[in-house]
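Q: Please take a close look at one part of this model, the packing of a single pair of helices, and then place that part in relation to the ligand.

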Amino acid sequence: MKEQMLPAEGKLGILLPGLGAVASTMIAGVIASRKGLSKPIGSLTQTGHIELGEGKGDRYPLIKDFVPLASLDEVVFGGWDIYEDNVYQAASHARVLDQHLLNAIRPELETIKPMKAVFDRDYVKNLDGTFIKQSATKWEAAQELIRDIETFKKENNVSRVVIVWTGSTEKYLEQSAVHETIASFEAGLKNNDAAIAPSMVYAYAAVSIGVPFINGAPNLTTDIPAIVQLARKTKTPIGGKDFKTGQTLMKTIVAPGLAARSLGVNGWFSTNILGNRDGLVLDDEENFKTKEVSKLGVLEDILRPDLHPDLYGELYHKIRINYYPPHGDNKESWDNIDIFGWLNYPMQIKINFLCRDSILAAPIVLDLALFADLAQRAGMYGVQDWLSFYLKSPQTQAGEPAENDIFKQLNTLKQTLLGMMQEQTPQAPAVNRAKATEAII
Ligand SMILES: NC(=O)c1ccc[n+]([C@@H]2O[C@H](COP(=O)([O-])OP(=O)(O)OC[C@H]3O[C@@H](n4cnc5c(N)ncnc54)[C@H](O)[C@@H]3O)[C@@H](O)[C@H]2O)c1
């Protein structure tokens, strides 16, 4: 594949539907890093290393020196929102980053202004923005988004574009007939089918013109056959769902450790409080359901009660999220984990994580954007499940079970990068190399 890898020539446009807390924190962080005001901590593409085989000189190069990623200096940002705030205003409103830092990069942030959004309040009841396209049909809305992308490319002189959905979590939706094929989906766009969510309109627009699309929220979005088929047809990388931050990040770090030691788990109660706009959206039951479904699958996939009924057959897993404005973006989560060991003797683990939601999510958005662009230049398309490392509820190839163990996910990601550059580590098992190439359909 190395021979087919196109270089990262020219500028990369990163377009974000939803210029809220996560998006503005990511954009401000990249600009601050570019100016030497801060460091891109938490980003694997910027600070992570990869291990190469023996006799390769530097056996542990930085990932960004090993694979031809777009440089942060060559990245341009844009996006859509239902509020007209520019990114300086959005970041100030989100109150994630220090105002001194924002003021130091204010001119750069102020030039990034949203384009009018495709929005349907039926999908996000708790928001009331008005900066919305007035398209007659969802089909027309998709065409307008395509024009937005093309105009952005021209005006910013970018050679490539990727999209990462950083918009609000939409209400819970199950796959239905309109999502089944490209034809049924396009017919649904034309007759305004209620089961086509706004995020799907963005995904359709992007993928139809070969722009990679990664979904950072738990919505279905790209996880429907119509978009998967379209991605194959237009040879476009897609992926999702839901950035893996906070409590789920902790879960996928701790659970593999308990499983490795064959310790039993019979209860895992997780509760959170958060007070940002995301928390407000999730305060609605229908939107919370989408998030809950995305978070619940993680433990079963890691602990595999089907293989270990004595250890995990009785596992009770409960998740709550409560909107609590005083905490803003500083989410606090509590986990009570009831475990048992030798001769069934019970023990407890308590985790109290005082995290910063958008600080954890921002580097994930950056990495997903840079890796999606890399995948496209490497000729990879369809569902990019090697990016599961970053996602709470990974979209997989049809029929494939999701991998949620963060250590296995990291291994797959690195093996995929090695496969792209035709390198092998002494540990590289053939099975991982095979799995990695499945993303190239
Ligand atoms: N922060 C985290 O740790 C984290 C983790 C996993 C997933 N997420 C998801 O990432 C997304 C963004 O989170 P956030 O904290 O930035 O939320 P936020 O509310 O600050 O930002 C979301 C933005 O999307 C906009 N929006 C809503 N619908 C839109 C549409 N159809 N088109 C364009 N813009 C639209 C909203 O106006 C808002 O400005 C949410 O879906 C959230 O669930 C966040």
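A: A crossing of two helices is left-handed if the near helix is turned anticlockwise from the far one by less than a right angle, and right-handed if clockwise. The model examined here is predicted. In this model, H1 crosses H4 in the left-handed sense. The residues that form this contact are Ala21, Ser24, Thr25, Ile27 and Ala28 on the H1 side, and Val87, Ala90, Ala91 and Ala94 on the H4 side. By class, the contact comprises seven nonpolar residues and two polar ones, with no charged residue.

As to geometry, H1 spans residues 21-34 and H4 spans residues 87-94. Their axes lie 9 Å apart and make an angle of about 115°. Angles of 65 to 115 degrees count as roughly perpendicular, so H1 is roughly perpendicular to H4.

H1 also takes part in the surroundings of the ligand. Together with strand E2 (75-81), helix H12 (277-282) and helix H15 (357-377), H1 is one of the elements that contribute two or more residues to the ligand shell. Of these residues, H15 supplies the largest share, namely four. The shell consists of 36 residues, the closest being Gly18, Gly20, Val22, Ala217 and Arg277. In composition, the shell has 19 nonpolar, 12 polar and five charged residues. Both domain 1 (2-243 + 359-437) and domain 2 (247-354) are represented, each with at least three residues in the shell.

Terms used. Residues are numbered from 1 along each chain as its sequence is written. This is a predicted model: local features need pLDDT of at least 70, side-chain atom pairs count only at pLDDT 80 or more; totals for chains, interfaces and linings use all residues. Axes are lines fitted to C-alpha atoms, for helices over the stretch in contact, and angles run from 0 to 180 degrees between N-to-C directions. Angles under 35 degrees count as roughly parallel, over 145 as roughly antiparallel, 65 to 115 as roughly perpendicular and the rest as oblique. Two residues are in contact if their C-beta atoms, placed from the backbone, lie within 7 Å. Ala, Val, Leu, Ile, Met, Phe, Trp, Tyr, Cys and Pro count as nonpolar, Asp, Glu, Lys and Arg as charged, and the others, Gly among them, as polar. A residue is near a molecule or strand if its C-beta atom, placed from the backbone, lies within 6 Å of it. Domain bounds come from an automatic or database domain assignment.
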